[in-house]
Amino acid sequence: MQTAGTRDRIVVTAARLIQRQGYVGTGIKQIAKEAEATLGSVYHFFPGGKEAVAVAAIGHSGAEFGAFLRESLDGTEDPAEAVERCADRLARELRASGWTDGCPVTAAALETLGSDTGVQRACAEALRDWERLVFEKLTGAGFPAEDARDLATTVIGTLEGAEVTAQVRRSEEPLRVAGRHLARLLRSYARTDSTPPDRPGAG
């Protein structure tokens, strides 16, 4: 009899493999072997095969990074400081992994560009969820909704691109630079949107 634990192992294993070697480079037999499951078990839980496993794995990874992002954003009231801290934390964890544990969502998305597949849709959903978390942080801090929406897209897009660059260069610097400049961008919007104080004698 199959257990829920077996399914969870398959999903988590697939997520880690996609993270380290991409969607194309990850085979269903490897997933089964490293999850300590039979190939029959994989197809039992995922009749759609490799793509179905990958969709579940991307959903898992999306939720995992979403929790990381929420924790980083909730760590301080200032959105600019929160985003910079998030970038710094990503840089440290990427280095600690030996530059292998990048974003599995980005890896899978890049390999399936131009296709209308379950994998591509799962990646798009993960990105939207992350943008929503940043959007909620910004609107909670008083940013107008339209600005918050644009900035949330910018924050997630910049962090994802910087993470790939950091992996390629094997350096924390791309993420740290991205964090600093995103913080400056957010602070510039805060200043622009604030009402200047009345000058003495004005009126």
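In which helix is Thr 154 found? In this predicted model, Thr 154 is found in helix H8, and that helix makes a convenient place to begin a tour of the structure. With a relative accessibility of 32%, Thr 154 counts as partly exposed. Its side chain reaches back to the backbone oxygen of Asp 150 at 3.0 Å. Setting aside residues up to four places away in sequence, Thr 154 touches Leu 182 and Leu 185. Val 134 is 20 residues apart from Thr 154 in sequence, and the two C-alpha atoms are 10.0 Å apart in space.

The helix around Thr 154 can be described as a whole. At 1.5 Å a residue, the 25 residues of H8 should span 36 Å, and the end C-alpha atoms are indeed 36 Å apart, so expectation and model agree. The buried residues of H8 include the alanines Ala 148, Ala 152, Ala 162 and Ala 166. Leu 151, Val 155, Ile 156 and Leu 159 are also buried, and so are two glutamates, Glu 160 and Glu 163.

Just after H8 comes Arg 170, with a positive phi of about 55 degrees. Arg 170 sits in the loop between helix H8 (145-169) and helix H9 (173-193). Is Arg 170 buried or exposed? Arg 170 has a relative accessible area of 52% and is exposed. A positive phi is found again at Trp 99, at about 70 degrees, although this residue is not a glycine. Trp 99 also belongs to a loop, the one between helix H5 (79-96) and helix H6 (104-111). Its relative accessibility is 9%, so Trp 99 counts as buried.

Helix H7 is the next element to visit. Its 23 residues, 118-140, reach 33 Å from the first C-alpha to the last, close to the 33 Å expected at 1.5 Å a residue. Among the buried residues of H7 are Gly 118, Val 119, Gln 120, Ala 122, Cys 123 and Ala 126. Further along H7, Trp 130, Leu 133, Val 134, Lys 137 and Leu 138 are buried too. Glu 125 lies in H7 as well, but this residue is partly exposed, with a relative accessible area of 46%. Between Glu 125 and Ala 91 there are 24 Å from C-alpha to C-alpha, and the two are 34 residues apart in sequence. Just after H7, Gly 142 takes a positive phi of about 100 degrees.

How many disulfides does the model hold? The count comes to 0. The sulfur of Cys 103 has its closest cysteine sulfur in Cys 123, at 8.2 Å, and this is too far for a bond. Seen from the other side, the closest cysteine sulfur to that of Cys 123 is in Cys 103, again at 8.2 Å. Cys 103 is buried, with a relative accessible area of 13%, and Cys 123 is buried at 1%.

Attention now turns to the interior. In soluble globular proteins, nonpolar side chains tend to be buried together. Here the largest nonpolar core has 57 residues, and those that touch the most other members are Ile 10, Val 53, Leu 69, Trp 130, Val 134 and Leu 175. Helix H1 (4-21), helix H2 (28-34), helix H4 (50-73), H5, H6, H7, H8 and H9 each supply at least two residues of this core. Val 53 gives a closer view: leaving out residues up to four places away in sequence, Val 53 touches Ile 10, Ala 14, Ile 28, Ile 31, Val 42 and Phe 46.

Residues 27-46 carry an annotation. UniProt lists this span as "DNA-binding region" in an unreviewed entry. In the model, the span is 70% helix and 0% strand, and its end C-alpha atoms lie 14 Å apart. Thr 26 is found in the loop between H1 and H2. With a relative accessibility of 2%, Thr 26 counts as buried. Apart from its neighbours within four places in sequence, Thr 26 is in contact with Leu 17, Ile 18, Gln 21, Ile 31 and Lys 50.

Technical notes:
Residues numbered from 1 in each chain as written. Predicted model: local features only at pLDDT ≥ 70, side-chain atom pairs only at ≥ 80, totals over all residues. Heavy atoms only, no water. Helix = DSSP H or I, 4+ residues; strand = E, 2+ residues; numbered from the N terminus. Buried < 20%, exposed > 50% of the residue type's maximum accessible area, 1.4 Å probe, protein only. Expected span 1.5 Å × (residues − 1). UniProt positions renumbered as here; feature names shortened; annotations may be inferred. Core = buried A, V, L, I, M, F, W, Y, C linked by side-chain atoms within 4.5 Å. Contact = heavy atoms within 4.5 Å. Disulfide = S-S within 2.5 Å. Polar contact = N/O pair within 3.5 Å; in protein donor to acceptor, adjacent residues only side chain to side chain.
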